[in-house]
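Visitor: Please take a close look at a single part of this structure, the place where protein and nucleic acid meet. I would like one connected account of it.

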2 protein chains.
Amino acid sequence: MIAERVNVPRIAILCNALADEARVEIVARLLDGEKCVCDLMDDLDAGQSRLSYHLKVLKEAGLVADRREGRWSYYTLERAAFVEAGELITSLRPRASRTLKTNCC
Amino acid sequence: MIAERVNVPRIAILCNALADEARVEIVARLLDGEKCVCDLMDDLDAGQSRLSYHLKVLKEAGLVADRREGRWSYYTLERAAFVEAGELITSLRPRASRTLKTNCC
DNA sequence: TTGACCCATCAAAAAAACTCGATACAATCC
DNA sequence: GGATTGTATCGAGTTTTTTTGATGGGTCAA
């Protein structure tokens, strides 16, 4: 049984956070570095409450962190969570098909 | 601009398919090898139409393939799609923080 | 203090996802 | 043939997610 070695709830949470195009867009924009909500409103053109909502989903999944400075909230990507997500996806990857010739001997 | 290098729609489709615990459970079970719907009904205990529905979502995302044999439909994981998913997640991973000391010199 | 600004949160509406039972269909068995 | 089995699909109902506009809190500048 390999199934037990899979962290099902965590995979679902992380993937759920990345299941919406708007949120993936946000992540893509944050690859350029820290941004405040108003920057993101310009980049994507989305309403403020909509962005706040999606940022909250990303934050609750642990994929982004926020920092307040005066009136602004700055968001950044949480690198560790993306590393984790990659590892969890890898845990779902079946080993190479046995129908392929082995390349030994 | 790094954002343009990210395949936003594909990430959303793949993650959406893995955003539901039932579907991740199915994938986890398929790690043990090909199974028919009735096998999965036993493993998870879920109704038949529910499983068909989730299998369809997984199939449309390209994560599983099916094969008909007589009355049975056998499902398997599509390794390539999981490799792709891992790469796409990696494309969202920010480079290591600049605040860490570089380990050169 | 007043007013402008950035943002989080709320309530309501709209849209999408999910579940369940029923039906349909093809393959097998008698 | 008729009955049974394994599965896909449909429709209705429910639940969850997403969007939108409104409200309010905190910050800053005049």
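Guide: A residue is near a strand if one of its heavy atoms lies within 4 Å of it, and helices and strands of the protein are DSSP runs, numbered from the N terminus. The model is predicted.

On that basis, DNA strand C is surrounded by 18 residues. The closest come from both chains: Gln48(A), Ser52(A) and Tyr75(A), with Arg50(B) and His54(B). By class, the surface near DNA strand C holds six nonpolar, seven polar and five charged residues.

Four elements each supply at least two residues of this surface. In chain A they are helix 3 (37-43), helix 4 (48-60) and strand 3 (72-77), and in chain B helix 4 (48-60). Helix 4 of chain B gives the largest share, four residues.

On the nucleic acid side, sugar or phosphate accounts for 67% of the atoms of DNA strand C within 4 Å of the protein, and bases for the rest. Three side chains can be described by the distance from one of their N or O atoms to a phosphate oxygen of DNA strand C. For Ser52(A) this distance is 2.4 Å. For His54(B) the value is 2.5 Å, and for Arg23(B) it is 3.2 Å. Ser52(A) and His54(B) are also among the closest residues to DNA strand C named above.

Definitions and conventions. Residues are numbered from 1 along each chain as its sequence is written. Chains are lettered from A and ligands numbered from 1 in the order in which they are written. This is a predicted model: local features need pLDDT of at least 70, side-chain atom pairs count only at pLDDT 80 or more; totals for chains, interfaces and linings use all residues. Side-chain values use heavy atoms; hydrogens and water are left out. A polar contact is a pair of N or O atoms within 3.5 Å; within protein, one must be able to donate a hydrogen and the other to accept it, and residues adjacent in sequence count only if both atoms are side-chain atoms. Ala, Val, Leu, Ile, Met, Phe, Trp, Tyr, Cys and Pro count as nonpolar, Asp, Glu, Lys and Arg as charged, and the others, Gly among them, as polar.
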